[in-house]
Each structure stands twice: as C-alpha cells, then as structure tokens.
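Let's talk through how the labels on a model are earned. Each answer sets a value beside its definition.

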Amino acid sequence: MKASEIIRLDRAIAFNKDRFCVVFSSKDYEDMYSYILVSEGELEQPWSRSDVPCKIDGLTGRIGPNGRPIIYALSDEGDVYTLPMGDPSSYRKIEGAGVYSDDATDLGYVNSIVLIGDALFVSGYHS
C-alpha cells in the first residue's frame, strides 16, 4: 500500500465497547486487497491485523470460547476467511461462487454472510 493510495472502510462489526473489527479495502480493481483490523481493548496489545488478497464484502463473527472474537470475512468471489483471535486463521472457497474465480459458475458474486448458531449462511446476486 502506498501512502497516497485511497482505501475505504468497507465493513465493521462490534461485539461490545472493547471488541470490534473493521475492514479497509483498496479501490484498485486490478490489484485488490483488504486488511482486517481487530481491536480487543482489554489486551496490552489490543490491535491485530490480517491482510487478504481480495475485497471483503461481508463480515460477521462471534465471541469464541476463549473470550476472544472469531471473525468470518467474505469476499465477493466466495472466499471465506476465518480469523479466530489467538489461534491460526483458515481459508475456504465456496465452490462456484464469484464471477472471475476459476471455478465460477452462474452463481455470481456474493455479498452477505451471517452466522446463525454455528452455521454460516452466504447470499449474493444469483444465490
């Protein structure tokens, strides 16, 4: 990221007054990336950052059993990043989702993710 580069606040989620997450994305569609910032106010080092090579269009999460946030970030191409604070992150791809992905079908882009119980639900343009 260059100092002069324009980025935008795309998504945010708050768990309580001390724990929240914000996502900033580049505006350059040729070199898309986002960074995810999580703040846990009660910690000595409250901020953590995760960089992903895509635009994040959906965000949800919950407080995990260790009392720390678990973030689920969704790209428009169906990439789902799971960021459990204090544990290794994981990545998975929703098969067929997206427009430009190698495996894209007619499902189209996705733009919304919600957590209900322990299940993630994703919706978008055609699905």
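Q: What makes the radius of gyration of the chain agree with that of a compact globule?
A: The radius of gyration is taken over C-alpha atoms, and the globule rule is 2.2 Å times the number of residues to the power 0.38. For 127 residues that gives a value near 14 Å, and the chain has 15 Å, so the two agree. Along the principal axes, the C-alpha atoms fill a box of roughly 45 × 40 × 20 Å.

Q: What should I keep in mind about where these values come from?
A: This is a predicted model, in which local features need pLDDT of at least 70, side-chain atom pairs count only at pLDDT 80 or more, and totals for chains, interfaces and linings use all residues. Residues are numbered from 1 along each chain as its sequence is written, and side-chain values use heavy atoms, with hydrogens and water left out.

Q: How do you know what the secondary structure of the chain comes to?
A: Helices (H or I, at least four residues) and strands (E, at least two) are DSSP runs, numbered from the N terminus. On that basis the chain has 0 helices and 10 strands, and its pattern reads β-β-β-β-β-β-β-β-β-β.

Q: Why is Tyr29 called exposed?
A: Buried means under 20% relative accessible area, exposed over 50%, and partly exposed in between (1.4 Å probe, protein chains only). Tyr29 has 60%, so the word is exposed. Tyr29 sits in the loop between E2 and E3, and its C-alpha lies 9.3 Å from that of Cys54, 25 residues away in sequence. Across the chain, buried residues make up 40% of the 127.

Q: What makes a set of residues a nonpolar core?
A: The members must be buried Ala, Val, Leu, Ile, Met, Phe, Trp, Tyr or Cys residues joined through side-chain atoms within 4.5 Å. The largest such core here has 14 residues, and Cys21, Ile36, Ile56, Leu59 and Ile71 have the most contacts inside it. Strands E2, E3, E5, E6 and E7 each give two or more residues to this core. Apart from it lies another core of 8 residues, including Tyr72 and Val110.

Q: How do you know which residues Ile56 is in contact with?
A: Contact means heavy atoms within 4.5 Å. Leaving aside neighbours within four places in sequence, Ile56 meets that criterion with several residues, among them Asp10, Val23, Ala73 and Tyr81. Leu37, found in strand E3, touches Phe20, Cys21 and Trp47, among others, with residues up to four places away not counted.
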